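Thanks for coming. I have one structure to go through today, so please look at the sequence and the model on the screen.

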Amino acid sequence: MNLTAEQLLANWEEFLGYIDRYISSPRKEALRAFYEERAERFIAMPAAHTTKYHNCFLGGYIEHVNRVIKASLHFAKLWEKFGCDMSTFTIEELVFSAMNHDLGKVGDTENDLYLPGQDEWRRKNLGEVYTYNTAVGFMTIPDRSLFLLQDAGIKYTMNEMIAIRTHDGLYDEANKGYLISRVPESKPKSAIVYILHQADLMASVVEMTVNPVEQPKSKQFAISKETTQKNPTTHQQQAKNKALSNVQSEGLKSAMSNLFED
């Protein structure tokens, strides 16, 4: 899957729009500043290091997060329709949790977690397009997500903490203490944990289907064969220039321009 410069920018603007729409002040301003200061890293991030998992391509992370946010909002309505008590969490808590559930995949404050792989054999035989950056200290993804938020002074509620911490459900052994209970007192107090997990699981499965690596682009984003045969370089340059013209930050514009150099 290869996203164009226009698609990368559109996904990023969609992501920032969720902050503006669903997160209240003053946390909204703090969260937006946190992401905008690291825009170059987030825009280019994959959602995984290997093609065995979802969205292992440039820009795959933001596309995945946007899908999880939309799925979370949809599933919240579905759970409510079937009688779920929705008074135990807010929509802001749900969107905040979905938005930051995989934040730890960015790495630490200075270093990216995923680096472009240099081993052609591993890329070809194992699908490892990216490799783990050994300069980043080990943490689980949920723990690093929470650490980065608190390190930036961005507060989160208990609902948000537990939802982010357990978003992988019982696929993560560490979540058994939260999700497997033999007494009522230790069961999750809110359905937010189940809704976020359901949204993330569905998004991941769908992405393995709609974003297959090394497969033709979907019709939605396909460039006509006639156009590319006539003058492919001109068409690609025009698309690139159009996307970059909407970027205000000179640093981000330069980084995106470099990403799409021939």
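I will go through the nonpolar cores, then a cis peptide bond and a loop residue, and then the salt bridges. Keep in mind that this is a predicted model.

Let's begin with the inside. The largest nonpolar core contains 50 residues. Trp-12, Phe-15, Leu-31, Tyr-35, Phe-42, Met-99 and Leu-103 have the most contacts within that core. Among the elements that supply two or more residues to it are α1, at 5–22, α2, at 27–37, and α10, at 192–210. Helix α4 gives the largest share, 9 residues.

Take Tyr-35 as an example. Leaving out residues up to four places away in sequence, Tyr-35 touches Trp-12, Phe-15, Ile-19, Phe-42, Met-99, Asn-100 and Leu-103. There is also a second core, separate from the one I described, with 8 residues, including Cys-56, Tyr-114, Tyr-130 and Ile-141.

Now the backbone. Ser-25 and Pro-26 are joined by a cis peptide bond, with omega at about 0°. Pro-26 sits in the loop between α1 and α2.

Another loop, the one between α9 and α10, holds Lys-187. Lys-187 is partly exposed, at 46% relative accessible area. From Lys-187 to Gly-177 it is 10 residues in sequence, and their C-alpha atoms are 9.4 Å apart.

On to charges. Side chains of opposite charge can pair when their charged atoms come close. How many salt bridges does a search of the whole structure find? It finds 14.

One of them pairs Glu-207 with Arg-67, with 2.8 Å between the closest N and O atoms. Glu-207 is in helix α10 and Arg-67 is in helix α4, so this pair links distant parts of the chain, 140 residues apart. Is Glu-207 buried or exposed? Glu-207 counts as buried because its relative accessibility is 0%, whereas Arg-67, at 22%, counts as partly exposed.

A second salt bridge joins Arg-123 and Glu-120, at 3.9 Å from N to O. These two are about one helical turn apart, because they are 3 residues apart in helix α6. Arg-123 is partly exposed at 34%, and Glu-120 is exposed at 54%.

A third joins Glu-128 to Arg-122, where the closest N and O atoms are 2.6 Å apart. Glu-128 is buried, with a relative accessible area of 18%, while Arg-122 is partly exposed at 34%. Lastly, Asp-20, Arg-32 and Glu-36 form one network through salt bridges that share partners.

How values were computed. Residues are numbered from 1 along each chain as its sequence is written. This is a predicted model: local features need pLDDT of at least 70, side-chain atom pairs count only at pLDDT 80 or more; totals for chains, interfaces and linings use all residues. Side-chain values use heavy atoms; hydrogens and water are left out. A nonpolar core is a set of buried Ala, Val, Leu, Ile, Met, Phe, Trp, Tyr and Cys residues joined through side-chain atoms within 4.5 Å. Buried means under 20% relative accessible area, exposed over 50%, partly exposed in between (1.4 Å probe, protein chains only). Helices (H or I, at least four residues) and strands (E, at least two) are DSSP runs, numbered from the N terminus. Contact means heavy atoms within 4.5 Å. A salt bridge is a side-chain nitrogen of Lys or Arg within 4 Å of a carboxyl oxygen of Asp or Glu.
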